[in-house]
Amino acid sequence: LLVGALAIGAMANVTTSLKLKQPIELFFDLVLVLFLLDMGVVAGRQLNSLRRTGRLLGIFAIFVPLAQG
């Protein structure tokens with residue numbers, strides 16, 4: 001995908017690249033939405049494990065950023 005995008009970019013001139021800008025941005029937004037949706041599903045599936053380690057994780061989440069400054 002990356003190599004294909006580089007090849008299209010190398011062959012395109014200014015008018016062609018303006019025509020391709022909107023579909024490429026739309027494709028990027030679609031891939032980003034699907035990635036974030038998948039991350040949400042994975043996080044939702046692991047909520048049960050949070051009950052077991054919830055206190056330790058909560059303490060860690062509060063105190064480590066404070067210790068880092």
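This short talk walks through the fold, the surface and the largest pocket of one protein chain.

What you have in front of you is a predicted model, and I will begin with its secondary structure. The protein chain holds three helices and zero strands, and read from the N terminus on, its elements follow the order α-α-α. The radius of gyration of the protein chain is 21 Å, whereas the globule rule gives 11 Å for 69 residues, so the chain is more spread out than a compact globule. For the dimensions themselves, the C-alpha trace of the protein chain spans about 55 × 30 × 20 Å along its principal axes.

Let me turn to the surface. Of the 69 residues in the protein chain, buried residues make up 0%, where buried means under 20% relative accessible area. The accessible surface of the protein chain comes to about 6,600 Å², and carbon and sulfur atoms account for 72% of that area.

That brings me to the pocket. The largest pocket encloses about 360 Å³ of space, and of the 13 residues that line it, those closest to its centre are Leu1, Ala5, Ile8, Ile24 and Phe27. Which elements give two or more residues to this lining? They are helix H1, covering 2-11, and helix H2, covering 14-45, and it is H2 that supplies the largest share of the lining, with seven residues. Sorted by class, the lining of the largest pocket consists of eleven nonpolar and two polar residues, with no charged residues.

Methods. Residues numbered from 1 in each chain as written. Predicted model: local features only at pLDDT ≥ 70, side-chain atom pairs only at ≥ 80, totals over all residues. Heavy atoms only, no water. Helix = DSSP H or I, 4+ residues; strand = E, 2+ residues; numbered from the N terminus. Rg over C-alpha atoms; globule rule 2.2 N^0.38 Å. Buried < 20%, exposed > 50% of the residue type's maximum accessible area, 1.4 Å probe, protein only. Areas by Shrake-Rupley, 256 points an atom, 1.4 Å probe, with all protein chains shown as cover. 1 Å grid on protein atoms, 1.4 Å probe; cavity = no way out; pocket = protein on both sides within 12 Å on 5 of 7 lines; lining within 4 Å. Points joined across faces, edges and corners; volume = space filled by probe spheres on them. Nonpolar A, V, L, I, M, F, W, Y, C, P; charged D, E, K, R; others polar.
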